[in-house]
Amino acid sequence: MNRPNFQYALIGLLLACTGSANAAGPLNPPLKTVTVTIGKQSIVAEVADTPETRETGLMNRGNLPDNKGMLFVFQDSQPHCMWMKNTPNDLDVAFADAEGQILNVENMKAETLDIHCAKGFSVYALEMRSGWFKDHKMKRGDFMDIKKPR
């Protein structure tokens with residue numbers, strides 16, 4: 001066995017398992033997407049609607065493009081919570097009820113275990129790059145219009 005090649009293969013395997021080699025893009029598999037419109041802004045959001053995809057979320061991802069995000073869809077309506085474990089970029093999350101009305105927007109710092117919860121019974125959580133909701137003057141009471149998955 002050629003030792004240098006073995007060492008590089010082992011390092012590559014370790015990086016792939018930890019998500020540290022993610023300069024080019026996500027290690028997570030591609031997810032279906034939906035168009036979410038809030039006011040005059042439309043974004044394309046990946047959908048995390050299974051326990052596995054909700055658990056992984058945006059972990060180990062690079063920067064989010066300006067009008068891209070992730071929509072978490074929960075099966076039950078309750079005060080859902082989020083954290084930023086293994087998530088390398090600051091994000092904002094908007095929690096929304098079953099009708100799509102935004103309950104609150106929370107700022108989340110990268111790589112923290114701080115818990116951020118909905119201030120009411122939520123079914124949706126939309127994660128966007130940090131500052132996106134503020135930049136577009138979106139707040140509690142605004143509505144998300146969620147189109148069918150693609």
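**Exercise 1. Find the residues that Asn 107 touches, leaving out those up to four places away in sequence, and describe its setting.**

Solution.
- Step 1. Beyond those sequence neighbours, Asn 107 touches Leu 91, Asp 92 and His 116. The model in which these contacts are found is a predicted one.
- Step 2. Look at the side chains: Asn 107 and Asp 92 are joined by a polar contact of 2.7 Å.
- Step 3. Place the residue in the chain. Asn 107 belongs to strand 6.
- Step 4. Decide on its exposure. The relative accessibility of Asn 107 is 52%, and exposed means over 50%, so Asn 107 counts as exposed.
- Step 5. Take a distance across the chain. Met 128 is 21 residues away from Asn 107 along the chain, and their C-alpha atoms are separated by 9.9 Å.

**Exercise 2. State how many helices and strands the chain has, and give their order.**

Solution.
- Step 1. Count the elements: there are 3 helices and 9 strands.
- Step 2. Read them from the N terminus on: α-β-β-α-β-β-β-β-β-β-α-β.
- Step 3. Consider burial. Of the 150 residues in the chain, 39% are buried.
- Step 4. Consider contacts between residues at least 6 apart in sequence. Of these, 67% join residues at least 24 apart.
- Step 5. Consider the surface. The chain exposes about 8,800 Å², and 56% of this comes from carbon and sulfur atoms.

**Exercise 3. Describe the largest nonpolar core and say which element gives the most to it.**

Solution.
- Step 1. This core has 19 residues. Those with the most contacts inside it are Val 36, Ile 38, Leu 71, Leu 126, Phe 133 and Met 144.
- Step 2. List the elements that give two or more residues to the core: strand 1 (33-38), strand 2 (41-48), strand 3 (68-78), strand 5 (91-96), strand 8 (122-129) and helix 3 (132-135).
- Step 3. Strand 8 gives the most, with 4 residues.
- Step 4. Another core, of 15 residues, lies apart from this one; Leu 64, Met 70, Leu 103 and Met 108 are among its residues.
- Step 5. Follow one residue in detail. Leaving aside residues up to four places away in sequence, Leu 126 touches a list of residues that includes Val 36, Ile 38, Leu 71, Phe 133 and Met 144. The list for Leu 126 also includes Asp 92, the residue whose side chain has a polar contact with that of Asn 107.

**Exercise 4. Explain how the salt bridges of Asp 49 with Lys 32 and of Lys 119 with Glu 106 tie parts of the chain together.**

Solution.
- Step 1. A search of the whole structure finds 7 salt bridges.
- Step 2. In one of them the side chains of Asp 49 and Lys 32 meet at 2.8 Å, N to O. Asp 49 is in the loop between strand 2 and helix 2 (51-56), and Lys 32 is in the loop between helix 1 (3-18) and strand 1, so this pair ties together parts 17 residues apart in sequence.
- Step 3. Check their exposure. Asp 49 is partly exposed at 24% relative accessibility, and Lys 32 is partly exposed at 36%.
- Step 4. Turn to Lys 119 and Glu 106, whose closest N and O atoms are 3.9 Å apart in a salt bridge. Because Lys 119 lies in the loop between strand 7 and strand 8 while Glu 106 lies in strand 6, the pair ties together parts 13 residues apart in sequence.
- Step 5. Check these two as well. Lys 119 is exposed at 58% relative accessibility, whereas Glu 106, at 19%, counts as buried because buried means under 20%.

**Exercise 5. Name the residues that Asp 145 contacts, leaving aside its neighbours within four places in sequence.**

Solution.
- Step 1. Asp 145 is in strand 9 (residues 144-146).
- Step 2. Beyond its sequence neighbours, Asp 145 is in contact with Thr 35, Val 36 and Thr 37.
- Step 3. Compare sequence and space for one of these. Thr 37 is 108 residues from Asp 145 along the chain, yet their C-alpha atoms are separated by 5.0 Å.
- Step 4. The side chain of Asp 145 also makes a polar contact of 2.7 Å with the side chain of Lys 147.
- Step 5. Asp 145 has 38% relative accessibility and counts as partly exposed.

Note on methods. Residues numbered from 1 in each chain as written. Predicted model: local features only at pLDDT ≥ 70, side-chain atom pairs only at ≥ 80, totals over all residues. Heavy atoms only, no water. Buried < 20%, exposed > 50% of the residue type's maximum accessible area, 1.4 Å probe, protein only. Contact = heavy atoms within 4.5 Å. Polar contact = N/O pair within 3.5 Å; in protein donor to acceptor, adjacent residues only side chain to side chain. Core = buried A, V, L, I, M, F, W, Y, C linked by side-chain atoms within 4.5 Å. Areas by Shrake-Rupley, 256 points an atom, 1.4 Å probe, with all protein chains shown as cover. Salt bridge = Lys/Arg side-chain N within 4 Å of Asp/Glu carboxyl O.
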